[in-house]
Amino acid sequence: MKKIKSTLIVWVAIYPAITAILFLFGKYLNELPLTIRTLALTVMLVPSMTYVLIPFWTKVFKKDKNSSQ
């Protein structure tokens, strides 16, 4: 069950983040070669996932677990 919860937390964090980045910067990113586009996406996503999004959603899911008991 822990792996499922971790997978869900990562998905809930990464899907909106990728969508937001592509919405905001997609026009500019599409002009870049694929390797540079991928590099730009990962440069933005990995730190935000590591330091902001994953910790935030982990706390949200932990609070939800505590409130349902």
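**Close-up 1. Phe25 and the nonpolar surface patch.** Phe25 has its place in helix α1 of this predicted model. How exposed is Phe25? Its relative accessibility is 36%, so Phe25 counts as partly exposed; that class runs from 20% to 50%. Phe25 also helps to make a nonpolar surface patch of about 570 Å². Its partners in the patch are Phe23, Leu24, Tyr28 and Met44. Which helix gives the largest share of the patch? That is α1, with four residues.

**Close-up 2. The largest nonpolar core.** Five residues make up this core. They are Ala17, Ile21, Leu29, Leu41 and Leu45. Two helices each supply at least two of the core residues: α1, which spans 2–29, and α2, which spans 34–67. The largest share is three residues, and it comes from α1.

**Close-up 3. The surroundings of Leu29.** Leu29 is one of the residues of the largest nonpolar core. What does Leu29 touch, leaving aside its neighbours within four places in sequence? Leu29 is in contact with Ile21, Leu22, Arg37, Ala40 and Leu41. Look for Ile21 and Leu41 among these contacts. Both Ile21 and Leu41 belong to the largest nonpolar core as well.

**Close-up 4. A stacked pair, Trp11 and Tyr15.** How many aromatic pairs does the structure hold? There are three. In one of them, Trp11 and Tyr15 are stacked. Their ring centres are 5.6 Å apart, and the angle between the planes is 20°. An angle under 30 degrees counts as stacked. Trp11 and Tyr15 both sit in helix α1. Four residues separate them in position, which is about one turn of the helix.

**Close-up 5. An edge-to-face pair, Trp57 and Phe61.** Two numbers describe a pair of aromatic rings: the distance of the centres and the angle of the planes. For Trp57 and Phe61, the centres lie 6.5 Å apart and the planes meet at 65°. Why is this pair edge-to-face? The planes are at 65°, and an angle over 60 degrees counts as edge-to-face. Both residues lie in helix α2, four residues apart, or about one turn of the helix. Trp57 counts as partly exposed because its relative accessibility is 25%.

**Close-up 6. Phe56 and its ring cluster.** Phe56 lies in helix α2. Ring pairs link Phe56 with Trp57 and Phe61 into a cluster. With 46% relative accessibility, Phe56 counts as partly exposed. Now find Ile9, 47 residues from Phe56 along the chain. How many Å separate their C-alpha atoms? The separation is 9.5 Å.

**Close-up 7. Lys3 in helix α1.** Lys3 is found in helix α1. Is Lys3 buried or exposed? Lys3 is exposed, because its relative accessible area is 73% and the cut-off for exposed is over 50%. Now pick out Thr19, 16 residues from Lys3 along the chain. The C-alpha atoms of Lys3 and Thr19 are separated by 24 Å.

Methods
Residues are numbered from 1 along each chain as its sequence is written. This is a predicted model: local features need pLDDT of at least 70, side-chain atom pairs count only at pLDDT 80 or more; totals for chains, interfaces and linings use all residues. Side-chain values use heavy atoms; hydrogens and water are left out. A nonpolar core is a set of buried Ala, Val, Leu, Ile, Met, Phe, Trp, Tyr and Cys residues joined through side-chain atoms within 4.5 Å. Buried means under 20% relative accessible area, exposed over 50%, partly exposed in between (1.4 Å probe, protein chains only). Contact means heavy atoms within 4.5 Å. Patches are made of residues with over 30% relative accessible area and no salt bridge: like charges are joined within 9 Å, nonpolar side chains (Val, Leu, Ile, Met, Phe, Trp, Tyr) within 5 Å. Accessible areas come from the Shrake-Rupley method with a 1.4 Å probe; for residues, only the protein chains shown count as cover. A salt bridge is a side-chain nitrogen of Lys or Arg within 4 Å of a carboxyl oxygen of Asp or Glu. Rings of Phe, Tyr and Trp (its six-membered ring) pair if their centres lie within 6.5 Å; planes under 30 degrees apart count as stacked, over 60 as edge-to-face and the rest as tilted.
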